[in-house]
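Biologist: I'm new to this one, so could you take me through a single part of it in detail? Pick one helix and stay with it for a while.

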Amino acid sequence: MLLLTFANVVGRYVFTKSIFFSEEMARFLFVWVVFLGAAIIIKDKGHVAVTFLSERLKGRKSGKLLEIFIGICGFIFITIVFFGGITLSKTMNIYNSSAMQIPMGYVYYAIPIGAGIMMIHHFKNFLSLFVKKQGNIKKEGEIE
């Protein structure tokens with residue numbers, strides 16, 4: 001995406017010829033980067049969160065129930081995005097992009113694919129709420 005945009009800027013200002021599909025392709029790649037990047041962030045539990053209440057309830061039964069509630073709500077939201085993305089992708093397949101003439105469904109497939117990966121990681125993180133954490137276990141190659 002960066003190389004394509006840079007090549008277009010150089011082509012436009014140095015050679016007075018731009019790459020006709022570069023802006024459209026960069027936009028489509030950005031959509032894919034956003035949804036796949038969001039899945040990676042869910043894997044690492046790195047999304048921005050308001051933790052005021054959960055920090056106050058940490059270590060209590062009510063804190064565990066809050067985490068379970070938040071996990072269920074997150075899974076419901078991702079599921080809605082997943083199925084909505086499938087519907088949107090199928091609907092948009094009848095339209096072609098203006099410059100590259102590819103079906104717009106290819107761009108929108110980023111939504112269900114990204115949401116599917118998000119569901120897997122979110123479910124894995126949700127299950128980790130019920131697994132007791134082992135303390136002080138050294139990983140292979142770890143130095144004391």
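Modeller: Let's start with the end of helix H2: right after it comes Lys45, whose phi is positive, near 55°. A quick word on what we're looking at: this is a predicted model, where local features need pLDDT of at least 70, side-chain atom pairs count only at pLDDT 80 or more, and totals for chains, interfaces and linings use all residues. Residues are numbered from 1 along each chain as its sequence is written, and side-chain values use heavy atoms, with hydrogens and water left out.

Helices here are DSSP runs of H or I with at least four residues, numbered from the N terminus. H2 covers residues 22-43, and its 22 residues reach 31 Å from first C-alpha to last. That's close to the expected 32 Å, which is 1.5 Å times one less than the number of residues.

Now for what is tucked away. The buried residues of H2 (buried means under 20% relative accessible area, exposed over 50%, partly exposed in between, with a 1.4 Å probe and protein chains only) include Phe28, Ala38 and Ile42. The buried residues of H2 pack against helices H1 (2-14), H4 (61-92), H5 (105-108) and H6 (110-127).

Glu23 tells another story: at 52% relative accessibility, Glu23 counts as exposed. Glu23 forms a salt bridge with Arg12, the closest N and O atoms being 3.1 Å apart; the term means a side-chain nitrogen of Lys or Arg within 4 Å of a carboxyl oxygen of Asp or Glu. The pair links Arg12 in helix H1 with Glu23 in helix H2, 11 residues apart. Arg12 is partly exposed, at 34%. A search of the whole structure finds one salt bridge.

Technical notes: Helices (H or I, at least four residues) and strands (E, at least two) are DSSP runs, numbered from the N terminus. Contact means heavy atoms within 4.5 Å.
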